[in-house]
Amino acid sequence: MENVFDTLKQRGLIAQATDENAIREMMGNGPVTFYIGFDATADSLHVGHFLQLVVMRRMQQAGHRPIALLGGGTTMIGDPTGKSDMRKMLTREQIDHNAECFKRQMSKFVDFSDGKALMVNNADWLLSLNYIDFLRDIGVHFSVNRMLTFECFKSRLERGLSFMEFNYMLMQSYDFLKLYQDYGCRLELGGNDQWSNILGGTDLIRRKEGVEAHGLTFTLLTTKEGKKMGKTEGGAVWLDPEKTSPYEFFQYWRNIDDADVKNCLKLLTDVPVEEIEAINEQDGPSINAAKEKLAYELTRVVHSKEAANQALETAKALFGGGGMGDNMPSTTLTAENFTNGEIGILDLMVLTGLCSSRGEARRLIQQGGVVFDGKKLSDPNERFAPVLFSSPIVIKKGKKTYHKVIM
């Protein structure tokens, strides 16, 4: 059986490792318990988290046991890594709510049944710590001089680094020690920006327990220019369909730069590497087909096959792939169509001719028969601002009737 380390390496997922040979040997010698931490800073996971879930799922499929560590405690402090300013402080209630949202989403990608994976929350041990005991037991093993050489702190010193944030590395390192003690976890995985924090944990386990623990970071999801992917003008690309609709999610991947397609297919999908390498980046039809495959596969995995089919159908209708783009009925809105800067969906359905009356439109929406920009509508009182129509929006009535709307 192929060692999953080799698969991760082949697909370009591994960025740094404490000892590649030792980690590869661990993975080849039976089940390894490993963990990835997720601070609950929002009420949905985003595309950056998805890369971590892909790795977690690959590892689980190879027989290893994941621990998804929810950062109910560390989120109270805030990781300074990669941030120019201190993170916004969240309440305990907000963090608990966000952690519950994470739980539901993660269960779509990782199998938590029968102990095949664990989900734990570091609030269970961090929030009840005695600070003096913690400093004597854990803080004594950390050199401030060494910590200040880490990039995550160096980049913040000019703008100001709070003492609270300075404790974050100790907290994350203690998490690793705790998971080793309670579950035999000897491997921490994380994004490449977590390297310093991971090293803190491996060093702490060695000092406290006298055993070798390891860390592995995977490539951050970035463009060829090195910019983080997963951001749009409207903000992050979320995994929650209420925050980023399946159609918007599909279109994000369909519209990425040609130069990024192969890398995204390798990192995020199960498409064979040989097939990915065969894509001709100079050939328009070939690269467009690859983008469509990427968008479809990711939408199918994150949302559902039905959502992926619907997004593909809508995209082809709008952009001509299905033969309807140029000939699709359309309505051009003007400022006069908006009242107090908004137009209601009922008025829009009548204006486009999709419904003969507001009453018919209301019934159709309540029956689930209207899809607006890839999202099924349920609220007949929904209203929209003009900026939404700066790019063409497709309204789908029933299964086969499409209408394009633009300012």
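A polar contact is a pair of N or O atoms within 3.5 Å; within protein, one atom must be able to donate a hydrogen and the other to accept it. The exercises below concern a predicted model.

**Exercise 1. Helix 2 and its ends**

Task: Find which residue caps the N-terminal end of helix 2, which residues of the helix are buried, and what they pack against.

Solution.
1. Start at the N-terminal end of helix 2, where D19 acts as the cap. A side-chain oxygen of D19 lies 3.2 Å from the backbone nitrogen of N21.
2. Helix 2 covers residues 20–28, and its buried residues are I23, M26 and M27.
3. Viewed down the axis of helix 2, these buried residues fall within an arc of 95°, so they line one face of the helix.
4. A general point of helix geometry applies here: an α-helix has 3.6 residues a turn, so residues three or four places apart point the same way.
5. On the face of helix 2 turned away from the buried side are the exposed residues N21 and E25.
6. The buried residues of helix 2 pack against helix 1 (4–10), helix 3, strand 1 (14–17), strand 5 (187–191) and strand 6 (214–218).
7. After helix 2 comes G30, with a positive phi near 120°.

**Exercise 2. A salt bridge within one helix**

Task: Locate the salt bridge between R207 and D203, and decide for each residue whether it is buried or partly exposed.

Solution.
1. The side chains of R207 and D203 meet at 2.8 Å, N to O.
2. Both residues belong to helix 11 (residues 195–209). They are four residues apart, about one turn of the helix.
3. The cut-off for buried is under 20% relative accessible area. D203, at 15%, is therefore buried.
4. R207 has a relative accessible area of 46% and is partly exposed.

**Exercise 3. Salt bridges between distant parts of the chain**

Task: For the pairs D270 with R58 and E313 with K396, state which elements are tied together.

Solution.
1. The model has 20 salt bridges in total.
2. One of them joins the side chains of D270 and R58, 3.1 Å from N to O. D270 lies in the loop between helix 13 (261–268) and helix 14 (273–277), while R58 is in helix 3 (residues 47–61), so the pair ties together parts that are 212 residues apart in sequence.
3. D270 is partly exposed at 49% relative accessibility, whereas R58 is buried at 11%.
4. R57 also belongs here: R57, R58 and D270 are linked in a network of salt bridges.
5. In the second pair, E313 and K396 meet at 3.8 Å, N to O. E313 sits in helix 16 (residues 305–319) and K396 in strand 14 (residues 393–397), so this pair ties together parts that are 83 residues apart in sequence.
6. E313 is partly exposed, with a relative accessible area of 36%; K396 is buried, at 7%.

**Exercise 4. The five-stranded sheet**

Task: Give the strand order of the open sheet, identify the strands at its edges, and describe how strand 11 joins strand 14.

Solution.
1. The sheet is open, and its five strands stand in the order 9-15-14-11-12 with mixed pairing.
2. The edges are strand 9 (330–332) and strand 12 (375–376). Each has a single partner strand, so one side of each is left without a neighbour in the sheet.
3. Strand 11 (residues 370–372) runs antiparallel to strand 14, and three bridges join them.
4. Within strand 14, K397 is the residue opposite V370.

Notes. Residues numbered from 1 in each chain as written. Predicted model: local features only at pLDDT ≥ 70, side-chain atom pairs only at ≥ 80, totals over all residues. Heavy atoms only, no water. Salt bridge = Lys/Arg side-chain N within 4 Å of Asp/Glu carboxyl O. Helix = DSSP H or I, 4+ residues; strand = E, 2+ residues; numbered from the N terminus. Buried < 20%, exposed > 50% of the residue type's maximum accessible area, 1.4 Å probe, protein only. Arc of directions from axis to C-beta. Contact = heavy atoms within 4.5 Å. Pairing = 2+ DSSP bridges.
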